[in-house]
Amino acid sequence: MRLDKYLKVSRLVKRRTLAKEISDQGRITVNGNVAKAGTDVKVEDELVIRFGQKRVTVKVTGLSEHASKENAKGMYDLIKEERINNEFNEE
């Protein structure tokens with residue numbers, strides 16, 4: 001499944017266009033590699049997403065083509081959520 005669609009269906013990002021913008025800005029990595037909107041996401045992939053002053057790390061546990069609250073809950077496990085000081089602060 002495409003990264004932008006996964007982010008929208010899993011409800012990590014509210015809109016698919018926003019998911020595309022975030023990924024095209026290089027703010028998402030899949031298994032340590034910078035990912036674009038069309039990057040293929042598979043079960044067991046680890047995503048790191050930067051939202052302004054926050055970095056969220058999740059592990060993909062399921063893929064579903066249709067958005068619903070029940071589907072979204074089982075699509076990922078939250079590994080880590082941390083606050084970052086600025087864009088240049090990388091671990």
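A salt bridge here is a side-chain nitrogen of Lys or Arg within 4 Å of a carboxyl oxygen of Asp or Glu. Keep that in mind, and keep in mind too that this is a predicted model. With that cut-off, the side chains of Arg-2 and Asp-4 qualify, their N and O atoms sitting 3.0 Å apart. We'll come back to this pair once the fold is laid out.

Let's start with the overall layout. The chain has three helices and five strands, and if you walk along the sequence they come in the order α-α-β-β-β-β-α-β. Buried residues account for 36% of the 91 residues. The accessible surface adds up to about 5700 Å², with carbon and sulfur atoms contributing 47% of that. As for how the chain folds back on itself, take the contacts with a separation of 6 or more: 45% of them are between residues 24 or more positions apart.

Now the strands. E1 and E3 run antiparallel and are joined by three bridges. To find the pairing on screen, look for Val-30, whose bridge partner in E3 is Leu-47. E3 also pairs with E4 (residues 54-60), again in the antiparallel sense, and this time over six bridges. A handy marker there is Arg-50, which has Arg-55 in E4 as its bridge partner. E3 and E4 form a hairpin with two residues between the strands, and in that hairpin Gly-52 takes a positive phi near 55°.

While we're on backbone angles, glycine isn't the end of the story. Most residues other than glycine have a negative phi. So where does this chain depart from that habit? One place is Asn-31, with a phi near 55°. Asn-31 belongs to the loop between strand E1 (28-30) and strand E2 (33-34), and it is partly exposed, at a relative accessible area of 45%. Another is Glu-44, where phi is near 85°. Glu-44 is in the loop between E2 and strand E3 (46-51). Its relative accessibility is 51%, and since anything over 50% is called exposed, Glu-44 counts as exposed.

Next, the inside. In soluble globular proteins, nonpolar side chains tend to be buried together. In this model the largest nonpolar core holds 19 residues, and the ones that touch the most other members are Leu-3, Tyr-6, Leu-7, Leu-12, Ile-28 and Leu-47. Which elements give two or more residues to this core? They are helix H1 (3-9), helix H2 (16-24), E1, E3 and E4. H1 gives the most, with four residues. Notice that Leu-47, already met as the bridge partner of Val-30, is back here among the core residues with the most contacts to other members.

Leu-12 deserves a closer look. Leaving out residues up to four places away in sequence, Leu-12 touches Tyr-6, Leu-7, Ile-49, Phe-51, Val-58 and Tyr-76.

Finally, back to the charges. Side chains of opposite charge can pair when their charged atoms come close, and this structure holds seven salt bridges. The Arg-2 and Asp-4 pair we opened with is part of a network of salt bridges that also takes in Arg-16. Are the two opening partners buried or exposed? Arg-2 is partly exposed at 39%, whereas Asp-4 is buried, with a relative accessible area of 4%.

A second example stays inside one helix. Asp-24 and Lys-20 form a salt bridge, with their closest N and O atoms 2.6 Å apart. Both residues lie in H2, four residues apart, which is about one turn of the helix. Asp-24 is partly exposed at 34% relative accessibility, and Lys-20 is partly exposed too, at 38%.

The last example reaches across the sequence. Lys-54 forms a salt bridge with Glu-81, and the closest N and O atoms are 3.3 Å apart. Because Lys-54 is in strand E4 and Glu-81 is in strand E5 (residues 76-83), the pair ties together parts that are 27 residues apart in sequence. Here again the partners are partly exposed: Lys-54 is at 34% relative accessibility, and Glu-81 has a relative accessible area of 46%.

Notes:
Residues numbered from 1 in each chain as written. Predicted model: local features only at pLDDT ≥ 70, side-chain atom pairs only at ≥ 80, totals over all residues. Heavy atoms only, no water. Buried < 20%, exposed > 50% of the residue type's maximum accessible area, 1.4 Å probe, protein only. Pairing = 2+ DSSP bridges. Core = buried A, V, L, I, M, F, W, Y, C linked by side-chain atoms within 4.5 Å. Contact = heavy atoms within 4.5 Å. Areas by Shrake-Rupley, 256 points an atom, 1.4 Å probe, with all protein chains shown as cover.
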